[in-house]
Amino acid sequence: MFNLILFGPPGSGKGTQSEKLIAKYNLKHLSTGDLLRSEIANQTALGLEAKKVMDKGELVPDEVVIGMISTAIDQNPDAKGFLFDGFPRTSAQAEALDKLLDLKKTSISIMLALDVSENELIKRLVKRGETSGRSDDVNEDIIRARITEYHKKTTAVADYYKQFDKVVLIKGEGSVEEIFDQICLQIDNII
Ligand code: AP5
């Protein structure tokens, strides 16, 4: 199995690149952000609780997202590999993911980390907020809170995978196609 973590701060292009990657490599896309937004759209108890946290730009509790990912992995026994987008976002989530994959006799193959300047992230998300309807894009304060949360809790995840030599930095600025080509180059190197 080939299991990829597409990593990076809010607005770095994880979702955009994921769409292209799953089509090219036939991977199962697991985005905790999408799973949470689907819970919100269905007005489940989990979704209603998560929305309160997401609207502040903070992270949903580890046990909630780990539970969602565990279920999603179990629901896809025939997957050729997984593309994790927006997960793991804390060291505890990274450790839990390794255990879940271990149970399936597999592991993370590589983490590709999109590197984008803060100004560019804010510019992209403010622009998307004009039309997306995403409540965490509505104003710059919330967007900045998401980026702060990333620096406080999520950058540690890259350090976690660095110890296993699994992290490759990708320049995340430029055209979507240019970035996609760089990502594919790294993937093709190891599959
Ligand atoms: P999530 O849905 O994961 O959002 P995020 O990480 O904040 O990322 P975004 O979706 O905003 O950005 P992206 O990197 O996917 O970029 P995109 O391709 O969309 O998480 C949302 C919330 O859910 C979190 O804040 C948290 O509360 C909760 N959550 C989710 N996972 C969690 C977890 N594991 N633990 C705890 N809580 C969790 O692109 C952004 C914009 O830029 C788009 O408009 C796009 O068109 C544009 N763009 C993309 N590439 C380029 C380019 N090359 N040039 C110019 N523009 C570009």
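## A look around the ligand

By class, the shell around the ligand is a mix of 11 nonpolar, 10 polar and 9 charged residues. Keep in mind that this is a predicted model.

Which residues of the shell come nearest to the ligand? There are 30 residues around the ligand, and the nearest are Thr16, Glu58, Arg89, Arg128 and Arg146.

Where in the fold does the shell come from? Helices H1 (14-25), H2 (32-41), H6 (118-129) and H8 (176-190) each chip in with at least two residues. The largest share comes from H2, which supplies 4 residues.

Now for some polar pairs between side chains and the ligand. Here are three of them:

| Residue | Ligand atom | Distance |
|---|---|---|
| threonine 32 | nitrogen | 2.8 Å |
| arginine 89 | oxygen | 2.6 Å |
| arginine 128 | oxygen | 2.6 Å |

In the arginine 128 pair, the protein partner is an N or O atom of the side chain. On its own, the ligand has 1,000 Å² of accessible area, and the protein covers 86% of that. And where does the ligand sit? Its place is in the largest pocket.

Next, a few spots along the backbone. Phenylalanine 87 and proline 88 are joined by a cis peptide bond, with omega at about 0°. Proline 88 belongs to the loop that runs between strand E3 (82-85) and helix H5 (91-103).

Two other residues stand out for their phi angle. Asparagine 26 has a phi near 60°, which is a positive value in a residue other than glycine. You'll find asparagine 26 in the loop between H1 and strand E2 (28-31). Is asparagine 26 buried or exposed? Asparagine 26 counts as exposed because its relative accessibility is 52%, and the cut-off for exposed is over 50%.

Aspartate 165 also has a positive phi near 60°, again in a residue other than glycine. Its home is the loop between helix H7 (140-162) and strand E5 (167-171). With a relative accessibility of 73%, aspartate 165 counts as exposed too.

Finally, back to helix H1, where alanine 23 lies. Alanine 23 has a relative accessible area of 66%, so this residue is exposed. How far apart are alanine 23 and asparagine 42 in space? From C-alpha to C-alpha they are 27 Å apart, with their positions 19 residues apart in sequence numbering.

Methods. Residues numbered from 1 in each chain as written. Predicted model: local features only at pLDDT ≥ 70, side-chain atom pairs only at ≥ 80, totals over all residues. Heavy atoms only, no water. Near = heavy atom within 4 Å. Polar contact = N/O pair within 3.5 Å; in protein donor to acceptor, adjacent residues only side chain to side chain. Areas by Shrake-Rupley, 256 points an atom, 1.4 Å probe, with all protein chains shown as cover. 1 Å grid on protein atoms, 1.4 Å probe; cavity = no way out; pocket = protein on both sides within 12 Å on 5 of 7 lines; lining within 4 Å. Sits in = over half its atoms within 2 Å of the grid points. Nonpolar A, V, L, I, M, F, W, Y, C, P; charged D, E, K, R; others polar. Buried < 20%, exposed > 50% of the residue type's maximum accessible area, 1.4 Å probe, protein only.
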